[in-house]
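I opened this entry to log what I looked up, in the order I looked it up.

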Amino acid sequence: MNYGHPQLAPRLAADYVLGTMPVRTRRRFEREVAGNATLAAAVAGWSERLGPLDAVTPDQVPPAHVWRRIEQRIDRVAPARAAARMRSVGFFRRGFAMAAVAACAAIAIYVAANPGTVRNEVAMIAEKTGLDGWIASTRHAAPDIGLSTMRLGVPERERPRWLRAALLLTDDARPIAEDLAPKR
Amino acid sequence: MRRTATGDQSAFGELYDATSAKLFGVALRICGRREIAEEVLQEAFVAIWGRAKDYDPVRGSVMTWLVTIVRHCAIDQLRHQQSRPEGHSAPEELLSSFVATSRSDTGVEMRALQRCLDELDPQPRKAVLLAYLYGLTRDEIAVRLKVPVGTVKSSLWRSLERLQRCLGL
């Protein structure tokens, strides 16, 4: 197909935006659009012009489980990405900032690892206000306690992600802020 | 969106919070059933997460890009299932009800589009709206309008050309 034809581009773009393009043709077209400024402009033009049909469509709040499922799926496809981010400089900076907070922190809950058994343990160390805190977790056969930060003030929806991220970090037995972690 | 493209899950959560209601509304409009629309929204956001780096602000607004992904996910889902929700109302009625309850800031663009749609003959206008609002294929539109597929195809082209001129594309 001659995508460069001046009359064809707006027609194909309209067909694409309207949604009447067959799936295979659409995928081919999308690949073409990525490197073709004329087609991309035509698509953008049609999208913006027909966009009011979506803008007037009433909002509908999706149920909470939709986001949880999305989170689970992106966690599965990008664990390495998440781990890299957790170990990033920014994350360390936040971790050390929280160390200052922790100087006046009280242990809210601490489940210590039992050295004689093989199991994972999790401890939550919270500031008195309950706004900031850490999650520390041990991993069997690992001599250190991995320590990761979890801001308890984050919305409820985000907490499982932090929790998973914290546990993910200890899965490779590479604790961060090791000097802050209680030694066994 | 820029932060989401770098793999920032927190930013992705914010993007979801800011846009999911609108996008779920679009998915529900096309799919007609909540459980299918939920699946579509899920698929769409997983795709958005994977393709966020492809978004180019020069080529349109974030919302336009997101809506395009959701619409195509919804259309794919319905074609894959080879089933259509029952009880889709006439697209003109649906559009009228949307316009009546829409916010005023969508008014100018919507009025321009409405004026151009009104210039089309009733049947071609219905074909355009069935395709866009409900994601119907040409074959499905032909069944719905009781005309041959070829007629739908040519009337869609003509309608789009007229819309193009009217909207100044």
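In what pattern do helices and strands follow each other along the sequence of chain A? I read α-α-α-α-α-α-α-β-β-β-β-α. That is eight helices and four strands. Helices (H or I, at least four residues) and strands (E, at least two) are DSSP runs, numbered from the N terminus.

I noted the ground rules next. This is a predicted model, in which local features need pLDDT of at least 70, side-chain atom pairs count only at pLDDT 80 or more, and totals for chains, interfaces and linings use all residues. Residues are numbered from 1 along each chain as its sequence is written, while chains are lettered from A and ligands numbered from 1 in the order in which they are written.

Confidence came next. I found ipTM 0.85 and pTM 0.66 for the model. Chain B averages a pLDDT (the predictor's confidence in each residue, from 0 to 100) of 87, and 91% of its residues score at least 70.

Back to chain A. Of its 184 residues, 31% are buried. Buried means 20 or more other C-beta atoms within 10 Å of the residue's own, exposed 12 or fewer, partly exposed in between, with C-beta atoms placed from the backbone.

I then checked the contact between the chains. It takes 41 residues from chain A and 48 from chain B. Contact means C-beta atoms, placed from the backbone, within 7 Å. Helix 2 of chain B gives the largest share of the chain B side, 11 residues. That side divides into 23 nonpolar, 16 polar and nine charged residues. Here Ala, Val, Leu, Ile, Met, Phe, Trp, Tyr, Cys and Pro count as nonpolar, Asp, Glu, Lys and Arg as charged, and the others, Gly among them, as polar.

I looked up the largest nonpolar core (buried Ala, Val, Leu, Ile, Met, Phe, Trp, Tyr and Cys residues joined through C-beta atoms within 7 Å). It has 68 residues, and Ala13(A), Ala27(B), Leu41(B) and Val70(B) touch the most other members. Helix 2 of chain B gives the most to this core, 10 residues. Leaving out residues up to four places away in sequence, Ala13(A) touches Leu39(A), Ala42(A), Val43(A) and Trp46(A).

Last, I took helix 6 of chain B. Which of its residues are buried? I listed Met110(B), Leu113(B) and Leu117(B). Seen down the axis, these buried residues fall within an arc of 65 degrees, so they line one face of the helix. The arc is that of the directions from the helix axis to the C-beta atoms. On the other side, Val108(B), Arg111(B), Arg115(B) and Asp118(B) are exposed.

Key:
Two residues are in contact if their C-beta atoms, placed from the backbone, lie within 7 Å.
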